[in-house]
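Visitor: I would like to go through this structure by question and answer. Please show it first.

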Amino acid sequence: LLLGPIFCFQRTITPMARLTGTAVAAFVLLALSNIGNAPAHAFITPSLSSFSKNVDHTTTSLRVTAEESAKALSDYMAKAHEEKLRAVKDAEERKAAEIQALKKELAELKAAQGSSIVLAPAASSPPVEGSVEELQAKLASYQKFLSEYIVNAQEQKLLAVKAAEKSVEMKFSEKLKLLTGDVATPPPA
């Protein structure tokens, strides 16, 4: 009764807004189910109730049972899942069509080129400034830097691996000592 206008309005709005409206309606139903035994007149102000003196407000209520609330939420979740599956299927179909179009275009380009393959001209390197000796010195310094960097990185990696191995070995040797009850023997070095 209360949510009728919300559901009628959904026909003219986008699917995402419809989902949002459905979610709001489900949460309203859920909230109304938590109200308990509150009669409808509990929500009407005294000034409004004076306009409807002939209506018995104690018999009408906005209570929603837990089953109705669960069904509404379940219906909403099922509908949202179906719309999600439809959207995924549509996206997959669009992408498959795009892939097929690209494959067709590639095949056409290969057929048009035939056996004549045109190599693109090599990109020219930027002009190098400085004399040959300066460039050789720069090259030598770069080579030295890279070789030192690589050696240092390998040494640091080796040290880190050894430290990790030692840490794990100590950890498991301590656990083994606790399990065997051999506390007096020193850990292996």
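Visitor: Is Glu 98 exposed or partly exposed?
Guide: In this predicted model, Glu 98 has a relative accessible area of 43%. Exposed would need over 50%, and buried would need under 20%. Glu 98 is therefore partly exposed.

Visitor: Which residue forms a salt bridge with Glu 98?
Guide: Side chains of opposite charge can pair when their charged atoms come close. The partner of Glu 98 lies 3 residues away in helix 4, about one turn of the helix. The N to O distance is 3.7 Å, and the cut-off for a salt bridge is 4 Å. The partner is Lys 95.

Visitor: Is Lys 95 exposed or buried?
Guide: The relative accessible area of Lys 95 is 51%. The cut-off for this class is over 50%, so Lys 95 counts as exposed.

Visitor: How many salt bridges are there in the whole structure?
Guide: One of them joins Lys 95 and Glu 98. Another joins Lys 71 and Asp 75, with the closest N and O atoms 2.9 Å apart. A search of the whole structure gives a total of 2.

Visitor: What separates Lys 71 and Asp 75 along helix 4?
Guide: Lys 71 is exposed at 52% relative accessible area, and Asp 75 is partly exposed at 41%. Both belong to helix 4, which covers residues 66–113. They are 4 residues apart, so the separation is about one helical turn.

Visitor: Which residues of helix 4 are buried?
Guide: A residue counts as buried under 20% relative accessible area. In helix 4 this class consists of Ser 69, Ala 72, Tyr 76 and Glu 83.

Visitor: What span does helix 4 reach from its first C-alpha to its last?
Guide: Helix 4 has 48 residues, and at 1.5 Å a residue a span of 70 Å is expected. After the helix comes Gly 114, with a positive phi near 60 degrees. The span in the model is close to the expected one, at 70 Å.

Visitor: How far apart are the end C-alpha atoms of helix 5?
Guide: Helix 5 has 49 residues, which should span 72 Å at 1.5 Å a residue. Just after this helix, Gly 181 takes a positive phi of about 80 degrees. The distance between the end C-alpha atoms agrees with the expected span, at 71 Å.

Visitor: Which residues make the nonpolar surface patch of about 450 Å²?
Guide: One member, Ile 150, is placed in helix 5, residues 132–180. Patch residues need over 30% relative accessible area, and Ile 150 is partly exposed at 49%. The patch is made by Phe 145, Leu 146, Tyr 149 and Ile 150.

Visitor: How many helices and strands does the protein have?
Guide: Along the sequence the pattern is α-α-α-α-α. Buried residues make up 10% of the 189 residues. The secondary structure comes to 5 helices and 0 strands.

Visitor: What is the mean pLDDT of the protein?
Guide: A pLDDT of 70 or more is reached by 56% of the residues. Residues 5–10 stay under 50, and the model has 5 contacts for them beyond four places in sequence. Where pLDDT is low, the predicted coordinates should not be read in detail. For the protein, the mean pLDDT is 75.

Note on methods: Residues numbered from 1 in each chain as written. Heavy atoms only, no water. Helix = DSSP H or I, 4+ residues; strand = E, 2+ residues; numbered from the N terminus. Buried < 20%, exposed > 50% of the residue type's maximum accessible area, 1.4 Å probe, protein only. Patch = residues over 30% accessible without salt bridge, like charges linked within 9 Å, V, L, I, M, F, W, Y side chains within 5 Å. Areas by Shrake-Rupley, 256 points an atom, 1.4 Å probe, with all protein chains shown as cover. Salt bridge = Lys/Arg side-chain N within 4 Å of Asp/Glu carboxyl O. pLDDT = per-residue confidence, 0-100. Contact = heavy atoms within 4.5 Å. Expected span 1.5 Å × (residues − 1).
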